[in-house]
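Please read the points below with the model open beside you, and check each one as you go. They are arranged so that each builds on the one before it.

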Amino acid sequence: MGVGVGGVILDESVVLASDSPQHENPSLQPVADSLLRKLRHSKIPTGISYDLGLSDDKVSLLKRLATLYSFDCFILNASSVDDAKNEIMLAWGDTGGGILYVVSDKKKEFFPKLSNCSWLIVVLRSLGQESADVTEGGSSCENSSMIFINKLEELPSTVCHINRKVSKETGNSVVTVGYVMKPSREEDFAKRGAFPLYPTQNGLIFMPLTFELPLSPQLQEVDIVLHKATDEIISIELKSRTNFSNRIVYTSGMQDLQRYLEDHPDCCVIDSFNNIYPVLDRLEIQEILLRLEDLKTEGRSTIRGPHFLKVDSFKEPDLLQRLSEAKLSLPSIVKPQVACGVANAHNMAIIFRNEDFEDLSVPLPAVVQEYVDHSSTLYKFYVLGEKVFYAVKKSTPNADILMKLSESNGLKPLVFDSLKSLPTAKEDQHYGDGNCSKATNSCVDLDLVTDAANWLREVLDLTIFGFDVVIQEGTCDHVIVDVNYLPSFKEVPDDIAIPAFWEAIKKKFELKRSK
């Protein structure tokens, strides 16, 4: 794959805030930190340059940033361009592409010195200097020697644009993936090498989408959209069983994305908003899991969802009768019906006595779920396109041990946030994939769970998702206790998971294009 941008040099004029009062310590541009994080994980060599005349406190800040983000620092001024080029060559060697130099238009007097330089020049326009011929909000504008941008947030998409252009000019097919998710999740993926700004081995370039810029121009640059819409949920209303899309309120940015995709049905997306709705509703996913009955085969273990019951009020007069009819006994685990996207979606409780339902603090409506004794072992399965991987983790103890833990507290409910803390055995985990033999894990029937994974992929029409399985003591029932969209799959080694992630995205695009 051809590479256009082999290295990035950020001039201090685009890193440091220009309006800091003289008596105050120097500060960064508002979006500089986010940009520096993206560049650090892009695997593109990056440096920060500054002039010899810069004040000591500003130089000190730039050097601290370089150390923090594993960048290089270079001295660059009008009389030392050649020296800087030699120093960069010594530091980086042959990067396989050109050097992208990003500088503010406030250094216009420096531009003539760069005219004979082989670098690609990106000029950040000063506030109020935006060109009238550039789309409002700023998509980059190109001329024969320089690229002009209005906002620093445009730099990643500019790098992607250059790399895509060079790849096509060298005869390589490239697919641009525009992705959007919360910063912490993006960084988790990016630091594992999942979102490179240059082409992957199978021809993908990942371009971060930002709600800080108009969305439509950004989306016109991409071939496929990857989103974690649940990161942008404001509220979910579950009082009715009407169309789920009418019950979710997203942030304004995610609403813009949703409208764009509705207006452009030919745009490829992983996965559509409609397809992720079932995994947001624990009741709906439980009802889907009831259909696992179709996978029953003589001589094999059963794979199923847990017994469950929806509860609108913990003070229902016939609650105990309804629990019995639903094959639920104590202890039971109580979960909010909303599975993710809102603050209290993971506030749960394990109940040991019937009378404890009345004052339970779990948000309503709720789903009461069978607590399965599973020897403190949880199997986390990840579906990446047609490939299935799993990891084995320690989980909550069996009911008898939980009872003993709770006795010291008068058998009161064990209330916990499943994302933060829950009673588990000693931490332990290992990884496997769908090709592992049963001998490596005699308890789990990998063929059975793989069949269920393929069934879920077809029923949910999802490309990348995960689900948790516990194996019931005594019966050996394989019970799916949770299903989620776009998990981190961080338990799977990066050198295996990331290529599978890329392959799943590429195949989704090719399938969409073929239709």
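1. Is H478 buried or exposed? The model is predicted, and in it H478 has a relative accessibility of 1%, so it counts as buried, the cut-off being under 20%. This residue belongs to strand β24, and once its neighbours within four places in sequence are set aside, it is in contact with a list of residues that includes S301, T302, I303, R304, C443, V444 and D445. It is also worth finding G305, which is 173 residues from H478 in sequence and yet 8.3 Å from it in space, C-alpha to C-alpha.

2. A second histidine may be set beside this one, namely H374, which is found in the loop between β18 (366-370) and β19 (377-384). With a relative accessibility of 5%, H374 counts as buried because the cut-off is under 20%. Its contacts, leaving aside neighbours within four places in sequence, are S395, T396, N398, V470 and I471. Please note that V470 and I471 are also among the contacts of H478.

3. The next item is a sheet, and a general remark helps here. Strands of a sheet pair through backbone hydrogen bonds, either parallel or antiparallel. In this model five strands form an open sheet in the order β15-β18-β16-β17-β21, with antiparallel pairing. The edges are taken by β15 (308-311) and β21 (414-417), each of which has a single partner strand, so one side of each is left without a neighbour in the sheet. On average, neighbouring strands of this sheet are turned by 25° against each other, direction ignored.

4. How many bridges join β16 to β18? There are five, and the two strands run antiparallel; within β18, V368 is the residue that stands opposite V334. On the pairing of β15 with β18, four bridges are found, again in the antiparallel sense, and here F308 stands opposite Q369 of β18. Strand β16 (residues 332-336) is also joined to β17 (residues 347-351), by three bridges and in antiparallel fashion, with I351 of β17 as the bridge partner of S332. As for burial, β18 is mostly covered, since five of its five residues are buried, each being under 20% relative accessible area.

5. A helix should be considered together with these strands. Helix α10 (residues 282-289) packs on the sheet and touches β15, β16, β17 and β18, while its direction makes about 150° with that of β15. The same helix reappears when one looks for empty space inside the protein: one cavity of 30 Å³ or more is counted, and the largest cavity has a volume of about 70 Å³. Both α10 and β24 (478-485) supply at least two residues each to its lining. Among the residues that line the largest cavity are V279, R282, I285, Q286, L289, K335, I480 and V481, and Q369 is another of them, the residue of β18 that stands opposite F308.

6. Finally, please look at helix α14 (residues 494-514), whose 21 residues reach 30 Å from the first C-alpha to the last, close to the 30 Å expected at 1.5 Å a residue. Which residues of α14 are buried? They are A497, I498, A500, F501, W502, A504, I505, K506 and F509. When you examine how these are spaced, keep a general rule in mind: an α-helix has 3.6 residues a turn, so residues three or four places apart point the same way.

Terms used
Residues are numbered from 1 along each chain as its sequence is written. This is a predicted model: local features need pLDDT of at least 70, side-chain atom pairs count only at pLDDT 80 or more; totals for chains, interfaces and linings use all residues. Side-chain values use heavy atoms; hydrogens and water are left out. The expected span of a helix is 1.5 Å times one less than its number of residues. Buried means under 20% relative accessible area, exposed over 50%, partly exposed in between (1.4 Å probe, protein chains only). Contact means heavy atoms within 4.5 Å. Two strands pair if DSSP finds at least two bridges between them. Axes are lines fitted to C-alpha atoms, for helices over the stretch in contact, and angles run from 0 to 180 degrees between N-to-C directions. On a 1 Å grid over the protein atoms alone, a cavity is a set of points where a 1.4 Å probe fits but cannot get out, and a pocket is an open set with protein on both sides within 12 Å along at least five of seven lines; lining residues have an atom within 4 Å of a point. Grid points are joined across faces, edges and corners, and a volume is the space filled by probe spheres set on the points.
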